[in-house]
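Dear colleague,

I am handing over a structure for you to look at, and my notes on it follow below. Please open it alongside the text as you read.

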Amino acid sequence: MRVGLFIPCYVNAIYPHVGIATYQLLTALGHDVVYPLNQTCCGQPMANAGYQYQAKNLARRFEELFEGFDVIVGPSASCVAFVKENYGNILAGEHRCQTPGRVRDVIEFLHDDLKIRSLPSHFPHRVSIHNSCHGVRELHLSTPSERNLPYRNKIRNLLELVDGIEVVEPERIDECCGFGGMYSIEEPEVSVCMGREKVKDHMSTGAAYITGSDSSCLMHMQGVIDREHYPIQTIHAIEILAANL
């Protein structure tokens, strides 16, 4: 399978090791992974701030850059969800979008498309899963707590394939961490308070790490951790799944 590797701009700038781990795991699973050069922002910050015309230019660029791949995979539930849920409307009237039907968060791809059942990874730590808002309610990586349905979690299913790991989840299982992209800029005081409470909820599990599918949420919580000197760290789920490769 020919995979186009989508690395969101903030991952590229701040967490390049997350992109590297994604590449390493997908290639180790036998796929032809290509990282198109000159990638740009997917347009989410512009669209969320009301600048849809600027987002249209970036959406058009994204469509051109990832043309011809069997699937587009990225380690960011938020950015993947934006492409999947919004490109059709942003580019309405121009052409039928191809990328929304082919883009996958890496967790979604591993769990739903590849259906992997084993990994060579070893991570001897207790980790607490952070279920990000976009991942839960737009990509269905876990069951929303407000719905009266049996609980399932794709991140947990994959992490439990890792040798030596202990997987836990906080009491408020999918409460927002307060990041919310533009929200953290427009309402910083509330955003920080939400982040602090979310980190404390994860700490109550006794975990050494907070993990999830969104580096943006993990970045927000890591900022709280660093400022408050809390005894916990964040790590993207793909780094755990790719450990020891």
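What follows goes through the sheet, the helices on it, the largest pocket and one helix pair.

Please bear in mind throughout that this is a predicted model.

I begin with the sheet, which is open and is formed by four strands in the order β2-β1-β3-β4, with parallel pairing. Because β2 (32-34) and β4 (103-105) stand at the edges and have a single partner strand each, one side of each of them is left without a neighbour in the sheet. From one strand to the next, the twist averages 35°. Within this arrangement, β1 (residues 2-5) pairs with β3 (residues 71-74) in the parallel sense over three bridges, and Val3 is found opposite Val71 in β3.

Two helices can be placed against these strands. Helix α2 (residues 16-28) packs on the sheet and touches β1, β2 and β3, with a direction that makes about 175° with that of β1. Helix α5 (residues 77-90), for its part, lies across β3 and β4 and runs at about 155° to β4.

Helix α5 comes up again at the largest pocket, whose volume is about 520 Å³. The pocket is lined by 30 residues, of which Gln44, Ser78, Phe179, Gly180 and Gly181 are the closest to its centre. At least two residues of the lining come from each of α1 (9-14), α3 (44-48), α5, α7 (133-137), α9 (182-186) and α11 (215-228), and the largest share, four residues, is supplied by α5. If you are thinking about the chemical character of this lining, it divides by class into 14 nonpolar, 13 polar and three charged residues.

Helix α11, one of the contributors to that lining, also packs with α10 (residues 188-203), at an angle of about 80° and with the two axes 9 Å apart. Angles of 65 to 115 degrees count as roughly perpendicular, and α10 and α11 are therefore roughly perpendicular to each other. On the α10 side, the residues that meet α11 are Ser191, Val192, Gly195, Arg196, Lys198, Val199 and His202, while on the α11 side they are His220, Met221, Val224, Ile225 and Glu228. Taken by class, the residues of this contact comprise five nonpolar, four polar and three charged.

With best regards

Terms used:
Residues numbered from 1 in each chain as written. Predicted model: local features only at pLDDT ≥ 70, side-chain atom pairs only at ≥ 80, totals over all residues. Heavy atoms only, no water. Pairing = 2+ DSSP bridges. Axes fitted to C-alpha atoms, helices over the stretch in contact; angles between N-to-C directions. Contact = heavy atoms within 4.5 Å. 1 Å grid on protein atoms, 1.4 Å probe; cavity = no way out; pocket = protein on both sides within 12 Å on 5 of 7 lines; lining within 4 Å. Points joined across faces, edges and corners; volume = space filled by probe spheres on them. Nonpolar A, V, L, I, M, F, W, Y, C, P; charged D, E, K, R; others polar. Parallel < 35°, antiparallel > 145°, perpendicular 65-115°, else oblique.
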